[in-house]
Structures are given as C-alpha cells and as structure tokens.
Amino acid sequence: MTTTATQDPRETPGAGRPAHEHASSGTAGASGAPGAALAVLPGVLASALAWTDAHRTRFALPDDVLEPHTQVNATLKPLGELAQLGSTIRRTTAPGAPEHELAGDLVTYAWEQLHEGSLLLELLRAEPFAAYPYEIYAAFAGYGLRHEGFEALARPLTATRAWAHTEQHANRQLGLVNSERRVGVVTHTDAGGVLSRTWLGGLSEPWMFEGPSGYALTHTVFHLTDWGRMPDRVPKKIDGYLRTWLPAWTDGCLESGQWDLTGELLAVAASLPGPAPAELLDSVWPVLADVQHPTGCVPETGVPVQDPAPDPYPFIDCYHSTLVTAFAAALSLRSLRQTDARTDETTPGRERHTP
C-alpha cells in the first residue's frame, strides 16, 4: 500500500472549496448529522467501482512482467490490490447487488491476468525466497480461486527455516500469517506474538501517529481481521484504543489532505467488533464524498481538482485511493447496517427495517 508524506492542501494551487473547507474546519472532530454516512455511502461505493471498472485495462500486466527489470510496484502490486479489495467488497455486499457482481467480475479479471495462477507459479520458481507471490496468491485463495501447481511448490518452501525467519516489519509478518491462514497451511508463527510487536499492538502514544505508522496501523488491522471479514479478532484493548483515537487521527488526515490514509482509517473503523463508530463515520464520509471526483476517482493527497476531464489525475496517483475508498465504503455500509439491525432487534416496540 502507498505511503505518502503529509501535505497541507492549502499549499497546493487550485484549491477545491468544498473538501478544503471541510478539512480545514476539523470536520472529524465535529459531530456529523446522524445518518450522514448512510446518505452518501451507496453513491460513493458505486461511483468508485464504476471508475475502477472503466480503468480495468490499466491494471493489465505487461508482456515482460516476468523479466527482472519489470517494476513489481507498478504491475503486480496494483493487480494484487485489485484482487484483495475487490474480493472483500464482493464478500461484504449483498448477492445480486450491482456492486457485488462488479467486484466479482474485477477479481475474475485479475485472476485471468495471472493466467489462473500459472504466472504466480513462474514467479515463485524464479524467486522462491520472495513472499509477494504467495501473498498475491493468498488473496485469490481466500476467495476460492486456487492453482494446484502453485500450492504444491509453495508447501515445501513455506516449511523452510528461511521462510520462518524472513526479516521484516511486524505488520508485514502479520500479513504473511494471514496469507498462510487463507491458503490453509500451518502458520509459521503465532499471530498474537507478532501483533504485540506492532506499533498498534504496543498501544503506542497516540501523538506519535504520522504517515508511516498510520499505514502500519491500518494494515495491522487488515491482516488481523482478514481485511475486515473477522472483526472479532481485534482484542478488547486495541478496540478501545482505536475507538478513542481514530477521530483525532482522521481529523489530522483531513486537514492535511491525506485522502488515501483517511480511507484506510475509515476501513479500520468499520472493521471493529461491536457497534459501528457511527459518529466518526457520519463526520468523515461526507468529506470524502466531496473529495471524490464525479467520475468516481479519489486522489491520494492534496486539494481535489475541479477539472471535469474524464481523467483528472494520473492513474498511479488515484487508483489505490479509489480502491481503498470503495473498500472502506463497503465495510462501513455493512457495519452501520448491522448496528441498525441490532438496534431494531433490541428496541421494544420498534419494527425491524432492513435498508
């Protein structure tokens, strides 16, 4: 996932007034109108997915993807993110809904780009020491798309001492553990021990939050919960810590125009166990909806442009934040609707209503 430096939108020419005014006034710290998130989320999700679908060929792999000179971060990484976030949106949305079908279609497209897993097998043969082919494969395996040859080779590789002792940051190691869970093999280490070594697991001083620690935090939650699918994996102390400090962190991201990280923090908020943090979601989602371009794309950072052109931003500067926005919107809709359903069931004399 992309890590970006903090940038103040007021330092960028061509300020877009609605999002700029929301951000500079500290919107996340204020209380949004009840139901404000639900009012904008369906449109945000549909629009972001429509933009992604319209640009699906930009995720296509080049013919020389297996060559040593090919940049993984510009080829396989975007495609893997399309598969990961698309599969989560598919699982989070209702069967038959347009977003559900479109997300599934995008995952199928990504799988086809990988020749139904054969290309990942070639990568694993060429780089048996690398974790990224396995992690990309796990996104598909967790969705039910598998390649027998890949798993036959990966099985002995993941049983090596080198695999168990690969030196990496704790949140990355937690991602590898989650990948092993998805593939269905014995994990190389205990997830709880790894979690305790992360910035989030250590309940770090909240004022030490900045860009890199923010992305490390969000990915710790994504790996811990299998990208929002298993909120109950979040320990009680971490749940309380996040509910306390997410409003301040999102407020800071809005003020500095960090839209990509804002989306990831919203996805974290929607991945917590129990009731949705509705006040936070109601405060922040209308701001991010203002940032979203009419075409559906969302910039990673900076002041949103007012250019009506079909492609107001370079693909590399908006594909990830657009995917993250769709991902966070799907999780937020699920979380808010589940909270409403619980309220309907526990409030005497109230008829149950499903949005």
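Visitor: Let's start with one residue: is Ser179 buried or exposed?
Guide: Keep in mind that this is a predicted model, where local features need pLDDT of at least 70, side-chain atom pairs count only at pLDDT 80 or more, and totals for chains, interfaces and linings use all residues. Residues are numbered from 1 along each chain as its sequence is written, and side-chain values use heavy atoms, leaving out hydrogens and water. Buried means under 20% relative accessible area, exposed over 50% and partly exposed in between, with a 1.4 Å probe and protein chains only. At 7% relative accessibility, Ser179 therefore counts as buried.

Visitor: Which residues does Ser179 touch, not counting those up to four places away in sequence?
Guide: Ser179 sits in helix H9, residues 170-183 (helices are DSSP runs of H or I with at least four residues, strands are E runs of at least two, and both are numbered from the N terminus). Contact means heavy atoms within 4.5 Å. With residues up to four places away set aside, Ser179 touches Tyr134, Glu135 and Ala138.

Visitor: And how many Å apart are the C-alpha atoms of Ser179 and Ala141?
Guide: In sequence, Ser179 and Ala141 are 38 residues apart. In space, C-alpha to C-alpha, the value for Ser179 and Ala141 is 8.9 Å.

Visitor: Zooming out, what percentage of the residues of the protein chain count as buried?
Guide: The secondary structure of the chain comes to 15 helices and 0 strands. Its accessible surface is about 15,400 Å², with 54% belonging to carbon and sulfur atoms (Shrake-Rupley method with a 1.4 Å probe; for residues, only the protein chains shown count as cover). Among contacts with a separation of 6 or more, 73% come from residues 24 or more positions apart. Of the 355 residues, the share that counts as buried is 54%.

Visitor: How are H2 and H4 oriented to each other?
Guide: Helix H2 (residues 36-54) and helix H4 (residues 98-113) pack with their axes 10 Å apart, at an angle of about 30 degrees. Axes here are lines fitted to C-alpha atoms, for helices over the stretch in contact, and angles run from 0 to 180 degrees between N-to-C directions. Angles under 35 degrees count as roughly parallel, over 145 as roughly antiparallel, 65 to 115 as roughly perpendicular and the rest as oblique. H2 and H4 are therefore roughly parallel.

Visitor: Which residues of H4 make the contact with H2?
Guide: On the H2 side, the contact is made by Leu45, Ala46, Leu49, Ala50, Thr52 and Asp53. Together, the residues of the H2 and H4 contact divide into 6 nonpolar, 1 polar and 2 charged (Ala, Val, Leu, Ile, Met, Phe, Trp, Tyr, Cys and Pro count as nonpolar, Asp, Glu, Lys and Arg as charged, and the others, Gly among them, as polar). The H4 side of the contact is Glu99, Leu102 and Leu106.

Visitor: What is the C-alpha separation of Glu99 and Ala50?
Guide: Glu99 belongs to helix H4. Beyond its neighbours within four places in sequence, Glu99 is in contact with Leu45, Ala46, Leu49, Ile89 and Thr93. Glu99 and Ala50 are 49 residues apart along the chain, and their C-alpha atoms are separated by 8.8 Å.

Visitor: What is the handedness of the crossing of H6 and H7?
Guide: Helix H6 (residues 132-141) and helix H7 (residues 148-157) pack at about 135 degrees with axes 12 Å apart, and the pair is therefore oblique. Pro133, Tyr134 and Tyr137 of H6 meet Phe150, Glu151 and Ala154 of H7. A crossing is left-handed if the near helix is turned anticlockwise from the far one by less than a right angle, and right-handed if clockwise. The crossing of H6 and H7 is left-handed.

Visitor: What is the phi of His115?
Guide: His115 is found in the loop between H4 and helix H5 (118-126), and at 47% relative accessibility it counts as partly exposed. Most residues other than glycine have a negative phi. His115 is not a glycine, yet its phi is positive, near 55 degrees.

Visitor: Which accessibility class does Glu116 count in?
Guide: Glu116 is placed in the loop between H4 and H5. Its phi is positive too, about 55 degrees, although Glu116 is not a glycine. At 41% relative accessibility, Glu116 counts as partly exposed.
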